[in-house]
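Hi everyone, thanks for making time for this. I'd like to walk you through a structure that is probably new to most of you, so let's put it up on the screen.

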Amino acid sequence: MTTKLKCVAVDDQTHELSVIQKLIRAHPDLILLKTYSSSLKALAGIKKKDNIDIVFMDVEMPELDGINLAKLIRANTRHLVFITAFEQYALKSFSASPDDYLLKPVSKLAFVECISKVISRSAQPLQSNSEIDDDLFIPTEIKGISARVRRADIVMFEPLTGTNYTKIYTEETIHEMHVTLNAIEQYLQQDSRFMRISRSCIINLKHIVTLSAGKVIMGPMKKKMSIGADYAEIFHAYLSDRLLGKLG
């Protein structure tokens, strides 16, 4: 290879982070770009503009575990490698579409074999949201009839109180579907346009109109939704480099 792959390492344990740093620096085809000892700092710092080739990420981390962090930053790295001390996490980790995983303690041989796999895939283009199948079919009130809805047109999802139905807001209408919000979150996990901001709301980030004191105003209907305390850090980390007021 003539161009080295730019790497980022994320692990909350100092010793484990040091091990990965040394392995990256020792490999002739890799260059270490950044390291993070906090998953929330990694969420704020891993940006598409950095053209990152590989993120090496621990699975078991406080604040935000590696699998959920990976789903939020997956579009910002060409390749993703999970690192875990527990083999049972390997299967679960594949919901975030990694290229490989390494078991702790990471040996030099395992690391080199992993990099060989990644390099063999490096000619493949990074998947973007535009490449995701954008069509959904939502059952209507008429039995046997489903409406075609583009994901890009979905503004937000909100549960119908006291039921297992969810309201799906688009730019033009509202659909009701017999599905839980948790199931929808799982279904959309690889689509970085969508983010859960509270226990009762998943939004399409592209449809945020305004932000105000812990609330977002969504879509043409100007629906005001609160950002839940458990989701605030992740949401504000996402916004951290998008706030124009920080410039200068």
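**A lysine to start with**

Let me begin with one small detail: the side chain of Lys47 reaches out to the backbone oxygen of Ala44, at 3.0 Å. Lys47 sits in the loop between α2, residues 39-45, and β3. Is this lysine buried or exposed? Its relative accessibility is 9%, and under 20% is what we call buried, so Lys47 counts as buried.

**The whole protein**

Now let's step back. Please keep in mind that this is a predicted model. The average pLDDT of the protein is 84, and 84% of the residues score at least 70. Two stretches deserve some care. Over residues 90-94, pLDDT stays under 50, and the model has six contacts there beyond four places in sequence. Over residues 126-132, pLDDT also stays under 50, and here the model has 13 contacts beyond four places in sequence. Where pLDDT is low, the predicted coordinates should not be read in detail.

What is the secondary structure made of? In this protein we have seven helices and 15 strands. Of the 248 residues, 47% are buried. And if we take the contacts between residues at least 6 apart in sequence, 53% of them join residues at least 24 apart.

**Helix α5, one face at a time**

Let's turn to a single helix, α5, which covers residues 108-121. With 14 residues at 1.5 Å a residue, α5 should span 20 Å, and its end C-alpha atoms are indeed 20 Å apart, so the two agree.

Which residues of α5 are buried? They are Phe111, Cys114, Ile115 and Val118. Looking down the axis of α5, these buried residues fall within an arc of 100°, so they line one face of the helix. Here is some background for that: an α-helix has 3.6 residues a turn, so residues three or four places apart point the same way. On the other side of α5, Leu109 and Ser120 are exposed.

And what do the buried residues of α5 pack against? Their partners are helix α1 (14-26) and the strands β2 (30-36), β3 (52-58), β4 (77-84) and β5 (100-103).

Just before this helix there is a feature you may want to find on the screen. The peptide bond from Lys104 to Pro105 is cis, with omega near -10°. Pro105 belongs to the loop between β5 and α5.

**Two cores**

Next, the nonpolar interior. The largest nonpolar core has 36 residues, and those touching the most other members are Val10, Ile46, Met57, Leu69 and Phe235. Helix α7, residues 232-239, gives this core its largest share, five residues. Another core lies apart from it, with 19 residues, among them Ala9, Leu17, Leu102 and Cys114. You have already met Cys114, as one of the buried residues of α5.

Let's look at Phe235 a little more. Leaving out residues up to four places away in sequence, Phe235 touches Met195, Ile197, Ile203, Leu205, Ile208, Leu211, Val216 and Ile227.

**Two buried strand residues**

Ile154 is in strand β8, residues 154-159. Ile154 has 1% relative accessibility, so it counts as buried. Its contacts, again without residues up to four places away, are Leu136, Val149, Ile168, Tyr169, Thr170, Phe194, Asn204 and His207. Ile154 is also 20 residues from Ile174 in sequence, while their C-alpha atoms are 9.5 Å apart in space.

Strand β10, residues 174-177, holds our second example, His175. At 15% relative accessibility, His175 counts as buried. Apart from its neighbours within four places in sequence, His175 is in contact with Ile138, Ala147, Val149, Thr166, Lys167, Ile168 and Thr170.

**Two loop residues with positive phi**

To finish, two residues from loops. Asn51 has phi near 50°, a positive value in a residue other than glycine. Asn51 lies in the loop between α2 and β3, and with a relative accessible area of 52% it is exposed. Then there is Glu63, not a glycine either, with a positive phi of about 70°. Glu63 is in the loop between β3 and α3 (66-73), and at 57% relative accessibility it counts as exposed.

That's my tour, and thank you all for listening!

Notes. Residues are numbered from 1 along each chain as its sequence is written. This is a predicted model: local features need pLDDT of at least 70, side-chain atom pairs count only at pLDDT 80 or more; totals for chains, interfaces and linings use all residues. Side-chain values use heavy atoms; hydrogens and water are left out. Helices (H or I, at least four residues) and strands (E, at least two) are DSSP runs, numbered from the N terminus. The expected span of a helix is 1.5 Å times one less than its number of residues. Buried means under 20% relative accessible area, exposed over 50%, partly exposed in between (1.4 Å probe, protein chains only). The arc is that of the directions from the helix axis to the C-beta atoms. Contact means heavy atoms within 4.5 Å. pLDDT is the predictor's confidence in each residue, from 0 to 100. A polar contact is a pair of N or O atoms within 3.5 Å; within protein, one must be able to donate a hydrogen and the other to accept it, and residues adjacent in sequence count only if both atoms are side-chain atoms. A nonpolar core is a set of buried Ala, Val, Leu, Ile, Met, Phe, Trp, Tyr and Cys residues joined through side-chain atoms within 4.5 Å.
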